[in-house]
Amino acid sequence: MTDQMIAPVRPETVDIDAAIGILKERFPDAVKDDTREGYGGVIVERGQLVEIATVMRDELGFDYLSSATAVDYLGIEDSMEMVYHAYRTTGGSPLVFKAQTPRENSSVPSLIDIWPGVDFQEREAYDLYGIAFPGHPNQKRILMWEGFNGHPMRKDWKEAYYEEEHKPFDSRWPKGMVRRAEELNVYGKNVEYPADFDLSRLSDDTESSLYAGMGLGVNVEALDNTDELKTDRLVVNLGPHHPSTHGVFRMVVTLNGETIETLEPVMGYLHRNHEQIGERNAWLYNMAFTDRLDYICSMSNNLGYALAVEQLMSRGMRYTPPTYRAEVIRVLMVELTRIVNHLWAIGFLLNDLGAFFTPALYAIAEREKILDFFEATAGSRLMCNYMRFGGVFKDLPERIHSTASLLNDKVRDFDTMQYITELITEALPRAVDELDRFLTDSEIVKTRTIGVGYLPAETAIAYSAAGPLLRGSGVAYDVRRAEPYSIYPELDFDVAVRYNGDIYDRYLIRIDEMRESLRILKQILPRLEHTKGESFFAGNKAVYMPRVALGEAYGRVENPKGELGYYVVSQGDPKGPQNPWRYHVRAPSFINLTALGQMCKGQKVADVVAILGSIDIVLGETDR
Amino acid sequence: MSSLDLRQLHDTEFPIPDEMQGNLAITSLSKVYNWSRRSSVWPMLFGLACCAIEMIATAAARYDTARFGMEVMRASPRQSDLMIVSGTVTKKMVVPIVRLYNQMPEPKYVLAMGACASGGGPFKEGYNVVSGIDQYVPVDVYVPGCPPTPQALINGLIALQKKIDGQSLANMDDVPWYGVGPSDPVPIPILGPDIIDPRQMGLIRQQAMAAAAGQPYGLRELPTVPMKIVSKTASAAGMVEVDAISVVDEAAEADRKARRQDAVARKRAFLAKS
Amino acid sequence: MYGVGILKGLGVTIRHFFNTYVEDLRYVGKKLNSTQEFERRQGAGSSGIYTVQYPEEKIAVPERFRFVPFLVVEDDDHPERPGHDWCTACGICAKVCPPQCIWIVRMEDPVTKRPIPQPEAFFIDIDICMNCGFCAEFCPFDAIKMDHDYELADYDRTGVHIHDKDKLSKPFSYWRSIAPTTAWEEAVDRGGWEHIDIIKQKQKTGAPVAKPGAAWDSPYVPPIVPVKEEAPAEAAATGVPAAGAAEAATAATEMPVEDAAKEERRKKREAALARKHAKEQDGEG
Ligand code: SF4
Ligand code: SF4
Ligand code: SF4
């Protein structure tokens, strides 16, 4: 059988359709086309999932599993589904495959042996959907706590403040019954207890279950072994309130002396139910919510979501793609965001290394200038909410100016183009050079970072690492090049890549990327001038209830922190549903953390903080 | 003086002995005390969500909280006076927050920054989100906005300073850490099937009993809250009564009164003892 | 050589350190706090000290700035309908609000029970509002706008954080004063300065409509109330977007910014002072 398989082209270079063909040939019973309206890829028999996945990775070259997520089709097919998006690190479009399971006792074999990067994603699916993953070594809840009642993303699970299935709610207009949601709850709080709630067993065992099996206490046998230095294993908690965890992140580490033996990330302290709220929301609403994912880069979060929904819209009727000017403005904003993020990341990496606040202050100073521009254009410093389906919210303002409305208000007035030109051609390059001069050669920085937190290329790919973490390990994978979107194909820039895979290289990657972004921005400036006055929006005006075709879409962008993907499913109302059936965020911060334990093993405890800083996570995105 | 009577000191009618007339300036101790307290409010280095980014921006060079003596962000609750709750409080996170709050030394203040910390914010409906940190710990200043800009946050910090200025040493309700000792710790919530506030155990038990007895229990029943008409609007057709309501939470009001009376009683007991 | 990198880095810090004093030297004897100086200090190419001395000097927020929304009502001196809501209770803002924090009660005729296009009550819970601006963006009547007043810190939230109509309503001239360019753009789209319904009505009857950019031939043009003298008057005029190019050409010079009466400025200032004062008293109470 393998003899027939030998084709003139190597299987790992064939395109998606041919790859699916090969799969179907190999597993005629287990692989079927996904023929639902608007869907793509294949549906895989869950019994053979592991075998098929092995073929995908080893023979077809899909070495990078970008996203794995669950969907609950209650009322449509009454089944659950795991959806996987596998890519090649050489670029190209995804191989989408799905495994279906009944809603009761749902289980899908774990793919952790094929792609270790699914670790957290499978735990998330278990936590929120209750899908079991036989073969997963650590199948515990990840975002909620052990003992939480139910699996909240299931479509039949209702939260305490449940009001209606979909927004907009009827109680808002025309008879606005103003009420705080607390008032409708007997407890006056956002809580709900199950009917069979056993009050006699009331104890908080979330912590003990976490520590179980971590080998607490003194190992007497080891004490007898007189050849070795006597060290106890010690469990140390970093976080959730810890200045260096960049938010409410927690790491439980077991130490042998000062050396890390195991590190377990504990998250969910900022789990704001983004996805569940997103499924109640109408399509447009989520744009404002995406701002709050990675709250340092709201512009690029917006873009990813806009791309995903535009994909869906483009399959329907009457769709006009974004105009050229819209794309130019989008890229302008997104690249500025990249600089904002990397400035921030470098500043706070240095914080973690012990250079408390001076580098961060310099970085924030430059960042403020960009934020001023965002504020004048989009209306808010952080929560830009700027992209719309088919364009952007508004054109760049002619002038960045203000009027005084409060006591002691001081006004400013700049020409916008002049302002950003000065920013892009002078201020920011100067700032980047200065940071470079300030830090790159510093011996202290070098000693603390070189060779620390090493992540080899194969491991980085296997763990689905993305962004600077992946490129710092020598994998030149950048969505802007691998699967270009917007006007990136016509822009001239290089994918920054470094090969040592340590903290220092991740730092250098960020400096490089800022330089590349500035290079892109310099190409954007003439395009902005050139398209001045053209429409920044496709069609007439942004509509608040866009028509969205049935089906699924996966939109991804190269966010400053890595690949940000949105998996959206529109289902239900055949006329074009007003709400996403499934809204999933493939969050780079979340998935990049999968490799953290690996990177920290054997390092000193002081380096953990630096390694975490070099991954550059943001908790809004990690926990969603 | 064997025992310092603070009320006496505060009294501007405090008699100055004749021989010292003219050599002595009297200011209110409260004033000096408050001035030094409010000029060195040390916030806890503690960020929760998006708002924390704006909090850091506020602490950075452009807005610079050092101008208010607030630049010393302490990572340890034991050294901080102010907890800026900067962002969404989730059920999972409220447990450590309450712990941190209990560990802060008196006098301690809480500033709820942003819509989320004040009352739940855009994520309020989410199953893991607490509708405002004031359901668990008392809040001194609320700063609305999503996120509040750095200037808005400083505005809130100035409001806090004013609050400190307004506190009087003579009134032990204002400064309970003098005399009656620190306030009782807030009971730490428990993560059960949902978050459990130990202060609500009675209610929860009641509801569980109702559930066991097959009676309606739990949620989505309208509690009988008193409602009042807030405004009457003139319409073209004359005065029309608005059925929009705002709710006066009598229970909370009574609770507040009870706590206040409790504090007063403790103060009296303390004064009687000394 | 070991240590060169550190020295280079320290050089950067030293430069930053001295830069903060350069201004003091450069402006010795000159007025440092002028508007031009503020602009330079807060501009793209600024270096050295750029701290905003917040309560004494505040960065005025740009026009598109979003904080909590407010409702536009007619000015008190409007000849026909002073204090009338622009809102027609169409409910679109409640439908586009992502966290669903707007409650609208549409007015009803007490006898016939037919809806009247006016809001009877209007609530926004600012503890939920995410300042996204969708309500302002999609309101077809330009009746809800994003406010610029961010100084809302408070000691209590139960009573005040659900803004009712009284609290939300602000006159149209306020909107024109905080966002002259945007207000102008919107007026161009509407075809006149007044509420779209009034314009339509007037067009039907043939009454003159105050057009933005055209001469002020109408009996009523809402005044624009600049607060500060230093506010560059040209700002508003030059901020004409390319979108309304046709009208823009004629209009660029006609923004009546200079006309603003000193009286109004004083009133505004007093109002701000009163507000501030009230807050202070709150603080002491
Ligand atoms: S108030 Fe807004 S900005 Fe602040 S934490 Fe909540 S969502 Fe984020
Ligand atoms: S969209 Fe505008 S007119 Fe309609 S109800 Fe809202 S504020 Fe009123
Ligand atoms: S700004 Fe956004 S969240 Fe606030 S009321 Fe308007 S639409 Fe709702």
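Two exercises with worked solutions follow, on a predicted model.

Local features here need pLDDT of at least 70 and side-chain atom pairs count only at pLDDT 80 or more, whereas totals for chains, interfaces and linings use all residues. Residues are numbered from 1 along each chain as its sequence is written, chains are lettered from A in the order in which they are written, and side-chain values use heavy atoms, with hydrogens and water left out.

**Exercise 1.** Determine whether strand 16 of chain A is enclosed or open, and how its side chains are arranged.

*Solution.* Begin with the extent: strand 16 covers residues 582-586, strands being DSSP runs of E with at least two residues, numbered from the N terminus. Next, five of the five residues are buried (under 20% relative accessible area, 1.4 Å probe, protein chains only), so the strand is largely enclosed by the rest of the structure. In a regular strand the side chains alternate between the two faces of the sheet. Accordingly, Arg582(A), His584(A) and Arg586(A) point one way, while Tyr583(A) and Val585(A) point the other way. Finally, strand 15 of chain A (residues 562-570) runs antiparallel to strand 16 and is joined to it by five bridges, with Val568(A) standing opposite Tyr583(A).

**Exercise 2.** Place Tyr21(C) in its chain and state how far it is exposed.

*Solution.* Tyr21(C) lies in helix 1 of chain C, residues 4-26, helices being DSSP runs of H or I with at least four residues. Its relative accessible area is 43%, so Tyr21(C) is partly exposed, a class that lies between buried and exposed (over 50%). For the chain as a whole, buried residues make up 56% of the 285 residues in chain C.

Definitions and conventions:
Two strands pair if DSSP finds at least two bridges between them.
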